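Good morning, and thank you for coming. I would ask you to keep the sequence and the model in view while I speak.

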Amino acid sequence: MSQPEWVDCIQASDMCNQNPYCSSRYRVMRQCLVGKEKEAMLDNNRECQAALEVLLVSPLYDCRCKRGMKKELQCLQNYWTIHMGLTEGGDMDDSSPYEPVAPNRQPDVFRLASISSGFHCLDPERNCNPCLDAAKACNLNGSCKRQRSAYIATCSKEDPNKGETCSKKRCHKALRLFLDRVPPEFSHRLLFCPCQSEGCAERRRQTIVPDCSYKDKEKPNCLELRKVCRQDSLCRSRLADYLVNCWVTPHAVSTCPNQDNHQACLASYARLIGTEMTPNYVDSSFSNWTISPWCTCKGSGNQEEECLNFLRYFTDNTCLS
């Protein structure tokens with residue numbers, strides 16, 4: 001097998017640190033990105049510009065991170081040390097810091113079948129609920145049952161110190177652990193179970209305990225939410241990965257990027273859960289469902305079109321359907 005063209009960003013950072021010239025520039029670059037004035041520093045500060053030019057020809061420039069790797073957060077922070085300097089201008093076109101998804105060799109139909117199993121009710125008399133079946137399957141698997149109980153308990157626990165119904169931060173962390181540690185054949189079945197009744201769709205909507213993980217007292221503007229997300233290495237990375245794996249340009253031939261790879265899109269969608277950009281089903285409709293992060297475009301002023309375009313990445317996404 002040929003070697004991948006990229007090294008992971010932790011290795012790349014180690015390689016840079018072994019070279020005195022690269023490591024001194026890397027330190028300068030990290031300083032340039034600290035604090036509120038980073039845009040001005042990157043645009044106008046000669047030292048920052050010079051540091052960036054050196055780093056563009058270092059192993060750090062092409063580094064990537066493996067999804068779910070041990071030091072994922074550290075790897076992503078290393079990646080953005082370089083790429084923040086490159087992408088401040090374009091708000092929408094972050095490239096994904098994760099290793100590229102291999103093209104889909106086998107039809108997704110087979111891999112998605114495990115999610116859809118139980119969709120066609122053989123016995124019309126029996127009220128069939130694939131989401132209930134997914135929960136039962138999870139309970140029969142030790143790891144899934146343990147991790148699911150942990151996030152449900154955390155996301156349902158009141159936070160008396162703050163007078164809040166729950167700690168969103170803890171809830172998000174527990175959800176990320178669940179999705180990192182439980183195989184997709186269990187977690188994806190819970191998140192994407194196909195429904196033919198409202199009871200089933202409501203169960204699916206409640207999978208991630210929406211009152212804690214998804215909702216807030218008021219809905220922020222979507223561009224504001226995106227801004228908050230992009231200030232966090234993990235959220236920014238996972239949002240970029242979602243857009244790379246799920247967004248189809250209107251004149252594309254396929255319904256999904258990377259050779260109709262729905263599986264890659266569903267995995268990127270699931271990895272957004274537990275970040276500021278956590279998406280969910282907006283109601284318990286089963287035939288005409290919509291997913292969205294918890295945000296609105298009301299009051300966007302002259303940025304309304306940009307806001308609506310961003311929201312469409314979720315609400316009108318052919319790859320997710």
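Leu56, Val57 and Tyr61 make a nonpolar surface patch of about 280 Å². A patch is built from residues with over 30% relative accessible area and no salt bridge; like charges are joined within 9 Å, and nonpolar side chains (Val, Leu, Ile, Met, Phe, Trp, Tyr) within 5 Å. Accessible areas come from the Shrake-Rupley method with a 1.4 Å probe, and for residues only the protein chains shown count as cover. A salt bridge, a term that will return, is a side-chain nitrogen of Lys or Arg within 4 Å of a carboxyl oxygen of Asp or Glu.

Before going on, I should state that this is a predicted model, in which local features need pLDDT of at least 70 and side-chain atom pairs count only at pLDDT 80 or more, while totals for chains, interfaces and linings use all residues. Residues are numbered from 1 along each chain as its sequence is written, and side-chain values use heavy atoms, with hydrogens and water left out.

Within the patch, let us take valine 57. Valine 57 sits in the loop between helix H4 (46-55) and H5. Helices (H or I, at least four residues) and strands (E, at least two) are DSSP runs, numbered from the N terminus. Is valine 57 buried or exposed? Valine 57 is exposed, because its relative accessible area is 74%. Here, buried means under 20% relative accessible area, exposed means over 50%, and partly exposed lies in between (1.4 Å probe, protein chains only).

Let us now consider the protein as a whole. The protein has 17 helices and 2 strands. Of its 321 residues, 47% count as buried. The exposed area is about 17600 Å², of which carbon and sulfur atoms supply 50%. Among contacts in the protein with a separation of 6 or more, 71% are between residues 24 or more positions apart; contact means heavy atoms within 4.5 Å.

I turn next to glutamate 72, which is found in helix H5 (residues 72-87). Glutamate 72 counts as buried because its relative accessibility is 7%. What surrounds glutamate 72, leaving aside its neighbours within four places in sequence? Glutamate 72 is in contact with Lys66, Arg67, Tyr98, Leu234, Arg238 and Arg271. The side chain of glutamate 72 also makes a polar contact, at 3.2 Å, with the side chain of arginine 238. A polar contact is a pair of N or O atoms within 3.5 Å; within protein, one must be able to donate a hydrogen and the other to accept it, and residues adjacent in sequence count only if both atoms are side-chain atoms. In addition, a polar atom of the glutamate 72 side chain lies 3.0 Å from the backbone nitrogen of glycine 68.

Side chains of opposite charge can pair when their charged atoms come close. The structure holds 10 salt bridges. In one of them, the side chains of arginine 271 and aspartate 180 meet at 4.0 Å, N to O. Arginine 271 lies in helix H16 (residues 262-272) and aspartate 180 in helix H9 (residues 168-181), so this pair ties together parts that are 91 residues apart in sequence. Arginine 271 counts as buried, at 12% relative accessibility, whereas aspartate 180 is partly exposed, at 40%. Which residues are linked in a network of salt bridges? They are Glu72, Asp180, Arg238 and Arg271.

Lysine 215 forms another salt bridge, with aspartate 211, the closest N and O atoms being 3.6 Å apart. Lysine 215 is partly exposed at 28%, and aspartate 211 is exposed at 56%.

My last element is helix H11 (residues 198-205), in which Cys200, Ala201, Arg204 and Arg205 are buried. They lie on the same side of H11, because they cover an arc of only 140° around the axis; the arc is that of the directions from the helix axis to the C-beta atoms. On the other side of H11, Glu198 and Gly199 are exposed. The cover over the buried residues includes helix H7 (130-139), helix H10 (184-192), helix H12 (210-213) and strand E1 (279-281).

Valine 209 follows, in the loop between H11 and H12. Valine 209 has a positive phi of about 45° although it is not a glycine, and it is buried, with a relative accessible area of 15%.
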